[in-house]
Amino acid sequence: MTSSAGLTAPLGRRRAYWHTGVCLTVLLGVLYLARRHWPTLESGAGRLAVADQGWLLTGAAAAMGTWMASALAQQGAVVRRLPGARLVAAQFAASAANHLLPAGLGAGAVNLRFLMRCGLPAGRAAGALAVKAATGAVVRLGLIALLAPACPGLLRLPRVSAAAVAVVLGVAVLAAVLLATPVWSRCRPALAAVLADIRALHGCPARAAALWGGSLAFAALHALVLITVTRAVGLPLAPLQVALLYLAASSAAALLPTPGGLGSLDAALALALTATGAPGAAAASAVLGYRLLTVWLPLVPGLLVLGLLVRRKSL
């Protein structure tokens with residue numbers, strides 16, 4: 001009889017192959033578009049080189065604040081008090097690891113190991129990550145719903161095709177079938193544990209405030225980074241418009257499992273900015289600046305912190 005471990009290994013490999021294939025496909029598409037639009041990208045890089053340094057420094061400060069906000073949200077997702085300095089360091093390291101693996105796997109793995117090192121069982125640690133991710137998604141959707149009326153006409157709902165309706169119905173039928181199979185009975189205890197954690201967290205006002213406040217600050221600070229970069233390169237868009245475009249683009253990019261949204265978020269942001277009438281070079285410089293402050297500059301220090309945490313057995 002084949003053991004469950006023997007079945008899990010091939011399944012894990014198949015998932016890794018699938019994620020790798022999707023990532024390579026998206027990245028190859030991005031490289032093709034980059035080559036096709038290279039003059040625009042080159043002009044954008046030149047425009048970024050002479051951008052307003054004061055606004056870029058403000059964006060850098062906002063980017064550093066995102067790690068604090070992430071740490072606050074992670075603490076809010078756990079009833080037990082976590083060591084503050086190590087928690088912030090883990091978020092910094094997780095942000096770097098997240099740009100090496102697809103679909104948030106890097107950040108998830110780092111945070112899971114950190115929570116388990118802090119004494120949480122694997123199930124509780126995974127539940128805390130799920131609560132944090134779900135709260136972040138709800139906050140983003142709430143901000144989009146709040147900002148959309150203030151920026152009328154900026155976002156246009158796509159036409160719903162018959163194929164899209166069919167896919168949604170298919171997913172609903174599949175979910176109903178799964179609920180009637182033994183798979184649901186196996187997932188029910190895990191879901192019950194997550195719901196129990198959510199009730200316990202919201203029974204503690206300080207933890208609930210940290211969870212929701214940290215998630216809100218995380219999304220707002222990322223939007224602020226993009227706002228400061230657009231100001232630095234002289235892109236004539238109102239801050240609320242830029243924030244709404246960022247939230248919509250990042251939500252759409254989350255559907256593609258590329259490492260840290262590389263490629264998918266870049267394309268979504270550039271498309272969103274140019275759709276407002278912004279020049280291609282200005283949009284490219286804004287996206288490049290946002291990525292510089294949130295990814296490329298912190299990447300090597302983040303990996304060094306990750307190695308230090310592993311060496312000290314904090315992960």
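Visitor: In which helix does Leu 303 lie?
Guide: This is a predicted model. Residues are assigned to helices along the chain, and Leu 303 has such a place. Leu 303 lies in helix H12.

Visitor: Is Leu 303 buried, partly exposed or exposed?
Guide: The relative accessibility of Leu 303 is 31%. Buried means under 20% and exposed means over 50%, so a value in between has its own class. Leu 303 therefore counts as partly exposed.

Visitor: Which residues does Leu 303 touch, leaving out those up to four places away in sequence?
Guide: One partner of Leu 303 is 207 residues away in sequence, with a C-alpha to C-alpha distance of 5.9 Å; that is Ala 96. With residues up to four places away left out, Leu 303 touches Ala 96 and Leu 100.

Visitor: What distance separates the C-alpha atoms of Leu 304 and Ala 93?
Guide: Leu 304 lies in helix H12. Leu 304 and Ala 93 are 211 residues apart along the chain. Their C-alpha atoms are separated by 7.9 Å.

Visitor: Why does Leu 304 count as exposed?
Guide: The class exposed needs a relative accessible area over 50%. Leu 304 is exposed because its relative accessible area is 60%.

Visitor: Which residues form a nonpolar patch on the surface?
Guide: One member, Leu 297, is found in helix H12, residues 280-311. Leu 297 counts as exposed, at 53% relative accessibility. The patch has about 310 Å² of accessible area together. Its residues are Leu 292, Trp 296 and Leu 297.

Visitor: At what angle do H11 and H12 pack?
Guide: H11 covers residues 264-275. The axes of H11 and H12 are 9 Å apart. Their crossing is right-handed. The packing angle is about 140°.

Visitor: Which residues of H12 meet H11?
Guide: On the H11 side, the residues are Leu 265, Asp 266, Leu 269, Ala 270, Leu 273 and Thr 274. On the H12 side, they are Gly 280, Ala 283, Ala 286, Val 287, Tyr 290 and Arg 291.

Visitor: Which residue forms a salt bridge with Arg 291?
Guide: The structure holds 1 salt bridge. The pair links distant parts of the chain, with Arg 291 in helix H12 and its partner in helix H11, 25 residues apart. The closest N and O atoms are 2.9 Å apart. The partner of Arg 291 is Asp 266.

Visitor: Is Arg 291 buried or exposed?
Guide: Arg 291 has a relative accessible area of 5%. The cut-off for buried is under 20%. So Arg 291 is buried.

Visitor: Which residues does Ala 107 touch, not counting residues up to four places away in sequence?
Guide: Ala 107 has its place in helix H5, residues 105-117. Ala 107 is buried, with a relative accessible area of 18%. Ala 107 and Ala 90 are 17 residues apart in sequence and 9.0 Å apart in space, C-alpha to C-alpha. The residues touched by Ala 107 are Ala 94, Ala 97 and Asn 98.

Visitor: What relative accessible area does Leu 105 have?
Guide: Leu 105 is found in helix H5. The C-alpha atoms of Leu 105 and Ala 94 are separated by 9.5 Å, with their positions 11 residues apart along the chain. Leu 105 is partly exposed, at 42%.

Visitor: Which residues does Ser 70 touch, not counting residues up to four places away in sequence?
Guide: Ser 70 is found in helix H3, residues 53-76. Ser 70 counts as buried, at 10% relative accessibility. The residues in touch with Ser 70 are Gln 91, Lys 132 and Phe 218.

Visitor: What phi does Lys 313 have?
Guide: Lys 313 is in the segment after H12. Lys 313 is exposed, with a relative accessible area of 60%. Lys 313 is not a glycine, yet phi is positive. The value is about 60°.

Visitor: How many helices does the protein have?
Guide: The protein has 0 strands. Read along the sequence, its pattern holds α elements. The count of helices is 12.

Visitor: What share of the 315 residues in the protein is buried?
Guide: The protein exposes about 17,200 Å², and carbon and sulfur atoms supply 72% of that area. Buried residues make up 39%.

Methods: Residues are numbered from 1 along each chain as its sequence is written. This is a predicted model: local features need pLDDT of at least 70, side-chain atom pairs count only at pLDDT 80 or more; totals for chains, interfaces and linings use all residues. Side-chain values use heavy atoms; hydrogens and water are left out. Patches are made of residues with over 30% relative accessible area and no salt bridge: like charges are joined within 9 Å, nonpolar side chains (Val, Leu, Ile, Met, Phe, Trp, Tyr) within 5 Å. Accessible areas come from the Shrake-Rupley method with a 1.4 Å probe; for residues, only the protein chains shown count as cover. A salt bridge is a side-chain nitrogen of Lys or Arg within 4 Å of a carboxyl oxygen of Asp or Glu. Helices (H or I, at least four residues) and strands (E, at least two) are DSSP runs, numbered from the N terminus. Buried means under 20% relative accessible area, exposed over 50%, partly exposed in between (1.4 Å probe, protein chains only). Axes are lines fitted to C-alpha atoms, for helices over the stretch in contact, and angles run from 0 to 180 degrees between N-to-C directions. A crossing is left-handed if the near helix is turned anticlockwise from the far one by less than a right angle, and right-handed if clockwise. Contact means heavy atoms within 4.5 Å.
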